[in-house]
Amino acid sequence: MSRTASGIGMTSLRTRTRMIERLREQGIVDEDVLAAMAAVPRHVFVEEALASRAYEDTALPLGFAQTISQPYVVARMVEVLHAGRALGKTLEIGAGCGYQAAVLAQLSAEVYAVERIGPLLAKARINLRAINQINVRLKHADGQLGLPEAAPFDSIIVAAAAARIPPALLQQLAPAGRLIVPVGGASQRLALIERRPEGLVETRFDTVRFVPLLPGVE
Ligand code: SAH
């Protein structure tokens, strides 16, 4: 099926609306986040054979043993990060196919997205170009080191689970900046780190399941 307006277009609009209704039922309340999720055509980011399942609330394979995160998890992380303020300059670690970067881009002045797997980054580039998303910059690098050349960041989001929060990410967090990261191994929790005048403050949220944050590039 073609991805033009006559092909997946109408189906996609209906299923996208259903996805937003489902996110509300699941407890996402931030209207800015719901609008950002509604604005990004998720089917563009998944393999063509899976496009009809793009708006289901499941993680889907991206190739290279990686997955595009479940819509609820993307919405939940962005909601915790957003918390009523502009995201400002945002860093995403683990760009994958670029989907979450596109959602972040709706709420950020600019997004820097880092991915360690070269061919995945190439896909992200194609996908973001396909939807004309111009405020996302992609970089092939090990995100555990953050992105020193563009630091500091108002918002940092990590899309892979860290056994320990990489110190470089904490260093690259701007004053009043917020970092959200899944922490753990077999069992993981979302952690929010805020840089406040009195220092770094950590809050723990939902239990989650992410692929591990790995060192180096490939
Ligand atoms: N945000 C993505 C989901 C990506 S899954 C999306 O919307 O599609 C997690 C991604 O993190 C994988 O693509 C994986 O290759 C990447 N990753 C893991 N460790 C990394 C690291 N150290 N630096 C950069 N990317 C990393």
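1. A residue is called buried when its relative accessible area is under 20%. By that cut-off, helix H4 of this predicted model is mostly covered, with 8 of its 9 residues buried. The buried positions in H4 are Tyr99, Gln100, Ala101, Ala102, Val103, Leu104, Ala105 and Leu107.

2. Turning to the ligand, 28 residues surround it, and the closest are Gln100, Glu115, Asp142, Gly143 and Leu214. Gln100, one of these closest residues, is also among the buried residues of H4, which gives a reader a convenient place to start when moving from the helix to the ligand. The shell as a whole is made up, by class, of 16 nonpolar, 8 polar and 4 charged residues.

3. The polar contacts to nitrogen atoms of the ligand involve both side-chain and backbone atoms of the protein, as the following examples show. From a side chain, a polar atom of Glu92 lies 3.0 Å from a ligand nitrogen. From the backbone, a polar atom of Gly94 is 3.0 Å from a nitrogen atom of the ligand, and a backbone N or O atom of Gly143, a residue listed with the closest ones, lies 2.7 Å from a ligand nitrogen. Taken alone, the ligand exposes 580 Å², and the protein buries 99% of that area.

4. The space taken by the ligand is the largest pocket. The elements that contribute two or more residues to the shell around the ligand are strand S2 (66-68), strand S3 (88-93), helix H4 (99-107) and strand S4 (108-115). The largest share, 3 residues, comes from S2.

5. Gln188 deserves a separate look, and its place is in strand S8, which covers residues 188-196. With a relative accessible area of 4%, Gln188 falls under the 20% cut-off and is therefore buried. A polar atom of the Gln188 side chain lies 2.7 Å from the backbone nitrogen of Phe210, so that this buried side chain has a polar contact, a term that here requires a pair of N or O atoms within 3.5 Å.

6. Ala75 is the last residue to consider, and it is placed in helix H3, residues 71-82. Its relative accessible area is 0%, and Ala75 therefore counts as buried. Ala75 and Leu34 are 41 residues apart in sequence, yet the C-alpha to C-alpha distance between Ala75 and Leu34 is 7.5 Å.

Definitions and conventions
Residues numbered from 1 in each chain as written. Predicted model: local features only at pLDDT ≥ 70, side-chain atom pairs only at ≥ 80, totals over all residues. Heavy atoms only, no water. Near = heavy atom within 4 Å. Polar contact = N/O pair within 3.5 Å; in protein donor to acceptor, adjacent residues only side chain to side chain. Areas by Shrake-Rupley, 256 points an atom, 1.4 Å probe, with all protein chains shown as cover. 1 Å grid on protein atoms, 1.4 Å probe; cavity = no way out; pocket = protein on both sides within 12 Å on 5 of 7 lines; lining within 4 Å. Sits in = over half its atoms within 2 Å of the grid points. Helix = DSSP H or I, 4+ residues; strand = E, 2+ residues; numbered from the N terminus. Nonpolar A, V, L, I, M, F, W, Y, C, P; charged D, E, K, R; others polar. Buried < 20%, exposed > 50% of the residue type's maximum accessible area, 1.4 Å probe, protein only.
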